[in-house]
Amino acid sequence: MFLKGKSAIVTGSTSGIGLALAKALAAEGAAVVINGFGDADAIEKERAGLAALSGAQALYDAADMTKPDEIEAMVRRAHDELGGPDIIINNAGIQHVAPVDQFPIDKWNAIIAINLTSAFHMMRAAVPFMRAKKWGRIISTASAHSKVASPNKSAYVAAKHGIDGLTQTVALETATDGITVNCISPGYVWTPLVENQIPDTMKARGLTREQVMNDVLLAAQPTKQFVTPEQVAAFAVFLCRDEAAQVTGANLSIDGGWTAA
Ligand code: NAD
């Protein structure tokens with residue numbers, strides 16, 4: 001339990017990759033703040049499970065990642081109630097699939113706010129607390145789409161490329177402060193986010209569900225297998241170790257070879 005005494009915020013952790021990240025950090029003893037939308041009873045069950053797993057506190061914070069003041073308040077809460085945050089994981093994300101000339105403006109704005117700008121607000125608020133302790137880990141869940149593009153995903157690809165640039169910039173700014181800043185870029189991970197985009201892709205490309213799974217999603221992934229949330233989480237836990245202190249400013253792929261050149 002090498003994270004005993006440390007605390008972490010994982011944004012968008014009521015589901016999918018974020019929940020796996022929260023569990024993996026709690027399993028190493030970290031107090032965790034989970035965040036995101038969902039059924040109140042289900043969230044409370046996850047929160048209690050995380051506290052039992054870590055033997056430390058676990059909090060739920062409902063901060064909406066489109067609202068800078070709520071993000072800032074969540075970081076301050078992690079400071080006031082848990083003495084952190086020592087680790088932040090910018091993971092909340094949404095997707096919308098449509099050609100650029102039909103892309104709804106409200107969807108563009110929401111994707112940029114949640115998938116990119118919220119990470120800026122998290123970093124802005126957390127870096128001073130990390131600097132004061134001379135230790136910090138900032139990890140963002142980017143995507144293979146931070147390195148390459150796919151049609152019909154203009155907002156998502158723009159936001160994820162933005163995460164790559166933000167990661168590198170803040171890594172340079174914090175390089176002598178004991179803080180590392182990295183992003184992890186998964187290929188297709190089997191979560192509700194992927195499952196939910198299948199109907200839109202079917203519509204946008206005129207394909208069946210099976211064709212979307214095999215010819216669109218896994219077509220890009222040479223291993224022909226989905227990444228698991230637990231594999232992404234294990235990668236993030238490694239970045240929190242002292243052995244990873246020299247890994248900073250990196251965009252680390254876990255994509256079954258998708259972005260291999
Ligand atoms: P998911 O839909 O299972 O989970 C998304 C989480 O974000 C949920 O907890 C949801 O409540 C939360 N969320 C959404 N809007 C929010 C808001 N305004 N404020 C706070 N929380 C909000 O998705 P996932 O697949 O686990 O995705 C997690 C991250 O991983 C995203 O950033 C996504 O882009 C990235 N990613 C996913 C895949 C994949 O194949 N699933 C691949 C690469 C990258």
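**View 1. Contacts between domain 1 and domain 2 in the predicted model**. Contact, defined as heavy atoms within 4.5 Å, links 20 residues of domain 1 with 16 residues of domain 2. Domain 1 comprises 7-189 + 228-260 and domain 2 comprises 190-226, with bounds from an automatic or database domain assignment. Taken over C-alpha atoms, the domain centres are 24 Å apart. Residues are numbered from 1 along each chain as its sequence is written. In this predicted model local features need pLDDT of at least 70, side-chain atom pairs count only at pLDDT 80 or more, totals for chains, interfaces and linings use all residues, and side-chain values use heavy atoms, with hydrogens and water left out.

**View 2. Area buried between domain 1 and domain 2**. About 1,400 Å² is buried between the two domains, and carbon and sulfur atoms give 59% of this area. Buried area is the accessible area (1.4 Å probe) that two parts lose on being put together, summed over both. On the domain 1 side, V97, Y188 and V189 lose the most area to domain 2, together 41% of what that side buries.

**View 3. Ligand contacts of I17, N91 and K160**. A backbone N or O atom of I17 is 2.8 Å from a ligand oxygen atom, and a backbone N or O atom of N91 is 2.7 Å from an oxygen atom of the ligand. K160 places a polar side-chain atom 3.0 Å from a ligand oxygen atom. The protein buries 93% of the 830 Å² that the ligand exposes when taken alone; accessible areas come from the Shrake-Rupley method with a 1.4 Å probe, and for residues only the protein chains shown count as cover.

Note on methods
Polar contact = N/O pair within 3.5 Å; in protein donor to acceptor, adjacent residues only side chain to side chain.
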